[in-house]
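User: I'm new to reading protein models and keep tripping over the vocabulary. Could you walk me through one and explain how the labels are earned?

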Amino acid sequence: METQSPSPPLPSSLNTKDFLPSILILTPTIVYSLRNNDRFLAQAQGANRWILENFGGLFTWSTFLFLVLLLVVYFSPLAKVRIGGAGAKPLLSKWRWFSIALCTTIATGVLFWGTAEPLYHFHAPPQGLGIEATSSAAGQFAISTLFMHWSFTPYGIYTIAGLVFALSYYNLRQPFSVSSLLYPLLGRWVHGSLGTAMDIICLYGLVAGMAASLGTGVFALMGGLETTLGVPQSNVLLGIIGLVVVLTFIASAITGLNKGIRILSDLNARAFFLLAIFMFLTGPTIYILQLGGESLWDYGRHFLSRSTNIASGINSDWQYDWTIFYFANWMAWAPIAALFLGRLSVGYTVRDFLHFNLLFPSLFVLIWMSIFGGAALELDQATSGALYQVLITEGEQKIMYEVLSELPLGQFASIFTLIIIFISYVTAADSNISAMSAISSRGISPENPEAPLWIKTVWGGLIGTIAWVMITSAGIDGIRLLSILGGFPALFIMIVVAGGLLRLLSQVDTLSD
């Protein structure tokens with residue numbers, strides 16, 4: 001396999017082949033959704049349903065086999081290969097690396113869904129399991145399901161993509177492009193029109209996903225402002241919050257990896273640990289420990305069946321609405337996230353990569369979900385289902401604050417959580433904008449890693465505009481569906497990526513040069 005590529009020019013110009021088509025596809029989509037929102041949502045939902053019904057099994061089996069492949073890599077000679085070559089020096093310390101890997105992927109989601117999602121599963125477990133709602137078995141299922149949706153499986157998707165990109169970019173000296181993910185299996189020809197198409201598809205899917213995530217984050221912030229400070233909800237407030245978030249993550253992305261992104265990730269990770277310790281010590285500690293241990297056993301015992309839906313007893317509709325929905329969403333984000341995560345890893349071994357991008361973040365999420373999911377379920381039972389009623393009538397954005405309000409210093413903790421939510425989205429957004437902008441630029445390389453500032457500003461402004469338009473027009477569900485639809489082509493990209501990693505297992509000598 002060839003490993004040399006021509007030296008690229010400095011990143012001073014726009015890559016129009018990737019940038020303009022993405023903009024031209026996004027613009028009519030948004031216009032159409034505004035002109036006929038009901039029809040747009042119906043069509044998106046229909047396409048989404050068709051994908052889940054026809055390819056749901058491929059989603060579940062692929063994500064399971066990704067983890068199996070990563071386990072094989074961990075114990076193979078490839079695990080000892082240093083990313084960037086034998087003499088490569090780390091770009092980041094191990095703590096900085098961990099904090100960025102943790103906070104730039106699913107951190108906003110665990111804040112928002114860590115207390116809300118288990119209430120759904122606790123009160124409405126899948127009928128095929130024969131679990132009685134609000135029973136102890138339902139509680140175990142609720143927390144073990146959080147483990148399934150948020151820990152090893154999503155991080156496995158990100159890790160397999162990030163690892164292949166890191167080895168392609170640093171060791172095989174391929175361009176900073178989504179197409180480089182396909183290079184280990186398909187060779188140099190992927191950098192032609194196919195590679196450009198991959199970049200466009202992945203940019204489109206990620207813009208939609210980030211806009212949906214921003215909309216969700218803005219709603220969570222607005223719910224927190226109303227709960228803690230009594231600020232009434234309005235479209236104007238949505239716009240103000242969104243503008244502040246967008247300006248902040250643009251500013252952070254402009255400063256680059258070694259300033260804004262690194263500093264925010266460090267603060268974000270430390271804040272996560274502080275909030276988790278506070279909740280564990282002041283919340284229902286014994287209940288959390290007991291339920292967390294039982295749920296971890298349930299998660300391990302049923303991991304194979306619930307990952308693949310083989311003899312799991314879970315009906316297809318529930319699987320589509322929850323597990324496969326999540327897997328598709330992680331797929332949509334993975335190709336772009338891989339470019340950023342892979343870029344961080346230079347100077348470390350492949351085994352280090354698996355530790356800091358898969359093992360350690362997943363263990364953190366298991367602990368987090370046990371603490372916050374357990375606290376939410378305990379409060380719901382103590383109030384005879386009152387917390388679940390808040391979820392149904394007022395939305396997911398209120399649940400975290402309702403749980404915190406029951407703790408000592410609850411007002412302070414709620415304000416602290418508001419700040420964490422803000423930082424979490426900014427941290428995740430600026431890292432993805434950094435990767436998106438690099439794809440849209442010419443000449444990105446390990447020596448010239450940052451895109452021009454104006455391209456970062458354009459992407460940040462576009463994401464903010466789409467999010468504000470969609471949430472103020474009640475179309476956030478439509479843009480969220482688009483992010484799931486983006487997971488469909490990403491699924492096939494990820495299968496090729498996994499095939500490339502299999503091939504790299506036999507090319508240790510080439511990678512070590």
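User: Let's start with Trp150 and Tyr326: are they buried or exposed?

Analyst: Both Trp150 and Tyr326 are buried. Keep in mind that we're looking at a predicted model. The label "buried" needs a relative accessible area under 20%.

User: What makes the ring pair of Trp150 and Tyr326 edge-to-face?

Analyst: You need two things here, because a pair of aromatic rings is described by the distance of the centres and the angle of the planes. The centres have to lie within 6.5 Å to pair at all, and those of Trp150 and Tyr326 are 5.1 Å apart. Planes over 60 degrees apart count as edge-to-face; these sit at 65°, so the pair gets that name.

User: Where in the chain do these two rings come from?

Analyst: From distant parts. Trp150 is in helix H6 (residues 136–150) and Tyr326 is in helix H14 (residues 316–344), with their positions 176 residues apart. The whole structure has 35 aromatic pairs. Ring pairs also link up a cluster made of Trp95, Phe98, Phe272, Phe273, Phe364, Trp368 and Phe372.

User: How do you know that Thr145 is buried?

Analyst: Its relative accessibility is 6%, and the cut-off is under 20%, so Thr145 counts as buried. Thr145 is in helix H6 too. Leaving out residues up to four places away in sequence, Thr145 touches Glu117, His121 and Trp318.

User: And why is Ile463 called buried?

Analyst: Same kind of check: the relative accessible area of Ile463 is 0%, which is under 20%, so Ile463 is buried. You'll find Ile463 in helix H19 (residues 453–472). The C-alpha atoms of Ile463 and Val207 are 6.1 Å apart, although 256 residues separate the two along the chain.

User: Now for helix packing. Why are H3 and H15 called oblique to each other?

Analyst: Helix H3 (residues 94–103) and H15 pack at an angle of about 60°, with axes 9 Å apart. Angles under 35 degrees would be roughly parallel, and roughly perpendicular starts at 65. An angle of about 60° falls in neither range, so H3 and H15 are oblique. Their crossing is right-handed.

User: Which residues make the contact of H3 with H15?

Analyst: From H3 you have Lys94, Trp97, Phe98, Ala101 and Leu102, and from H15 there are Asp352, Phe353, Phe356, Asn357, Phe360, Pro361 and Phe364. Sorted by class, that contact of H3 with H15 has nine nonpolar, one polar and two charged residues.

User: What makes H12 oblique to H15?

Analyst: The axes of helix H12 (residues 285–301) and helix H15 (residues 350–382) come within 9 Å and cross at roughly 120°. Roughly perpendicular stops at 115 and roughly antiparallel needs over 145, so H12 is oblique to H15. H12 passes H15 in a right-handed crossing. Tyr287, Ile288, Leu291, Gly292 and Leu296 of H12 meet residues of H15 including Leu366, Ser370 and Glu378. In the contact of H12 with H15, eight residues are nonpolar, four polar and one charged.

User: What about the protein as a whole: how many helices and strands does it have?

Analyst: There are 21 helices and zero strands. Of its 513 residues, 62% count as buried. Among contacts between residues at least 6 apart in sequence, 84% join residues at least 24 apart.

Conventions
Residues are numbered from 1 along each chain as its sequence is written. This is a predicted model: local features need pLDDT of at least 70, side-chain atom pairs count only at pLDDT 80 or more; totals for chains, interfaces and linings use all residues. Side-chain values use heavy atoms; hydrogens and water are left out. Axes are lines fitted to C-alpha atoms, for helices over the stretch in contact, and angles run from 0 to 180 degrees between N-to-C directions. Helices (H or I, at least four residues) and strands (E, at least two) are DSSP runs, numbered from the N terminus. A crossing is left-handed if the near helix is turned anticlockwise from the far one by less than a right angle, and right-handed if clockwise. Contact means heavy atoms within 4.5 Å. Ala, Val, Leu, Ile, Met, Phe, Trp, Tyr, Cys and Pro count as nonpolar, Asp, Glu, Lys and Arg as charged, and the others, Gly among them, as polar. Rings of Phe, Tyr and Trp (its six-membered ring) pair if their centres lie within 6.5 Å; planes under 30 degrees apart count as stacked, over 60 as edge-to-face and the rest as tilted. Buried means under 20% relative accessible area, exposed over 50%, partly exposed in between (1.4 Å probe, protein chains only).
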